[in-house]
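Open the model in your viewer and keep the sequence panel beside it. The tour goes from one selection to the next, with a note on what to look for at each stop.

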Amino acid sequence: MKNIFKSVLLIFFLTISCTKDDSLGNDLINSNYPYKQQVGYSANDILSNKKFTDIYIEVMYVDGFKPSSETLTNLKNFIGSRTYKTNIIVEERLIDIPLKSIYSIEDVRSIEDANRSIFSIENQLAISALFLNGKSSNDTETTTILGTSYRNTSFVIFEETIEAASNNILGPSKITLESTVILHEFCHLLGLVNLGTNMVANHEDTAHSAHCSDENCLMYYLIENGKNAPHWIKNEQIPQLDANCINDLRANGGK
Ligand SMILES: [Zn+2]
Ligand SMILES: [Zn+2]
């Protein structure tokens, strides 16, 4: 369980927040597939079609912080290009929760637990994607968390933080930054780097675990740092995975 808190953070700039809890009946949880495991636990199940042919992304957002449709299309296309899933379903749902200005990972887990309605069942693997206002309790004066993968099929995006960061005239557009963050977090669920998907060649950034040593790669750690984003997201291009990361995914059942 040493990786349980190796949750991965997409870092950036400032902001504020809100919260709440809602409850869904436990009768909706009719799956035996574990969804409270460490990040990377489901890498092979997401990449390959051995257990699950389909993937369902349940996008839950708080009022005013819905992700852009372009970003969700980018995610869908990325999943199609790197996994063997036949059907890729993305559904958005507004959730009504008491808003907070700062969310801890424990808060995030509680929100997922109270609101998630889609679980892995039969041939369909379910992913929970939460879009919140406010900021992460892990933000500091020099770094801001844009997103975090915190369970084997769950990640959170700090949408208000992304909006604030992309308001910087030197920075990437909101859609480009949002797409970069969501793909980066999703790749942690795919086990990158060395986080459930074994490395074919050694390329983990030893100083920044679970990230790639290639500075042009989507999984480079500085992509998470708001101070560096204008430099690392160039010409509105979402950074791509480098060959080492792609090789790792292929060796673990992906494309
Ligand atoms: Zn990361
Ligand atoms: Zn890489």
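How many bridges join strand 2 to strand 3, and do they run parallel or antiparallel? Select both strands: eight bridges join them, and they run parallel. Keep in mind throughout that this is a predicted model.

**Stop 1: strands 2 and 3**

Show strand 2, residues 54-61, together with strand 3, residues 87-94. Pick Tyr-56 and look across to Ile-89 in strand 3, which stands opposite. Now add helix 2, residues 69-82. Strand 2, helix 2 and strand 3 make a β-α-β unit that is right-handed.

Zoom out before going on. The protein has seven helices and eight strands. Of its 255 residues, 57% are buried. If you count contacts between residues at least 6 apart in sequence, 78% of them join residues at least 24 apart.

**Stop 2: strand 8**

Select strand 8, residues 154-158. Five of its five residues are buried, so strand 8 is largely enclosed by the rest of the structure. Show the side chains: Ser-154, Val-156 and Phe-158 point one way, while Phe-155 and Ile-157 point the other way.

Next, display the partners of strand 8. Strand 5, residues 124-132, pairs with strand 8 in the parallel sense over five bridges. Strand 7, residues 145-151, pairs with strand 8 in the antiparallel sense over four bridges. Phe-155 is a useful residue to centre on: Phe-155 is the bridge partner of Ala-129, and Ser-149 also stands opposite Phe-155. Follow the chain from strand 7 into strand 8 and you pass through a hairpin of two residues.

**Stop 3: Val-156 and helix 3**

Stay in strand 8 and pick Val-156. Is Val-156 buried or exposed? Its relative accessibility is 0%, so Val-156 counts as buried. Beyond residues up to four places away in sequence, Val-156 touches Val-108, Leu-130, Leu-132, Leu-146, Gly-147, Thr-148 and Tyr-150. Draw a distance between the C-alpha atoms of Val-156 and Val-108: the separation is 7.4 Å, although their positions lie 48 residues apart along the chain.

Val-108 leads to helix 3, where Val-108 is one of the buried residues. Select residues 105-115 to see helix 3, which is mostly covered, with eight of its eleven residues buried. Charged residues are on the list too, including Asp-107, Arg-109 and Glu-112. The buried residues of helix 3 pack against strands 2, 3, 4, 5, 7 and 8.

**Stop 4: helix 4**

Return to strand 8 and add helix 4, residues 159-166. Helix 4 is mostly covered, six of its eight residues being buried. These are Glu-159, Glu-160, Thr-161, Ile-162, Ala-165 and Ser-166. They pack against strands 5, 6, 7 and 8 and against helix 5.

**Stop 5: the largest nonpolar core**

Which residues touch the most other members of the largest nonpolar core? In this core of 45 residues they are Ile-55, Ile-57, Phe-186, Met-219 and Leu-241. Elements that each supply at least two residues of this core include strand 2, helix 2, strand 5 and helix 7. The largest share, seven residues, comes from helix 5, which you can select as residues 174-189.

Centre on Leu-241. Leaving aside neighbours within four places in sequence, the contacts of Leu-241 include Phe-78, Cys-187, Leu-192, Cys-217, Met-219 and Ile-246. Apart from the largest core lies another, of 15 residues, among them Val-62, Leu-132, Val-156 and Phe-158.

**Stop 6: the zinc ion**

Cys-217, a contact of Leu-241, takes you to the last stop. Select the zinc ion (ligand 2) and its protein donors: Cys-212 (SG), Cys-217 (SG), Asp-242 (OD) and Cys-245 (SG), lying 2.2 to 2.3 Å from the ion. The site is tetrahedral, with angles of 98 to 117° among the four donor atoms. Along the chain the donors follow the spacing C-x4-C-x24-D-x2-C.

Why does the pair Cys-217 and Cys-245 tie together parts that are 28 residues apart in sequence? Cys-217 lies in the loop between helix 5 and helix 6, and Cys-245 lies in helix 7, so the pair links these parts. Cys-217 counts as buried, at 0% relative accessibility, and Cys-245 counts as buried, at 0% as well.

Note on methods:
Residues are numbered from 1 along each chain as its sequence is written. Chains are lettered from A and ligands numbered from 1 in the order in which they are written. This is a predicted model: local features need pLDDT of at least 70, side-chain atom pairs count only at pLDDT 80 or more; totals for chains, interfaces and linings use all residues. Side-chain values use heavy atoms; hydrogens and water are left out. A nonpolar core is a set of buried Ala, Val, Leu, Ile, Met, Phe, Trp, Tyr and Cys residues joined through side-chain atoms within 4.5 Å. Buried means under 20% relative accessible area, exposed over 50%, partly exposed in between (1.4 Å probe, protein chains only). Contact means heavy atoms within 4.5 Å. Donors are N, O and S atoms within 2.8 Å of the metal (3.2 Å for Na, K and Ca); water is not among the atoms, so sites may look incomplete. Four donors count as tetrahedral if all angles lie between 85 and 135 degrees; four count as square planar and six as octahedral if opposite donors are over 155 degrees apart and all others between 65 and 115; anything else is irregular. Two strands pair if DSSP finds at least two bridges between them. A crossover is right-handed if, with the strands pointing away from the viewer, the path from the first strand over the helix to the second runs clockwise.
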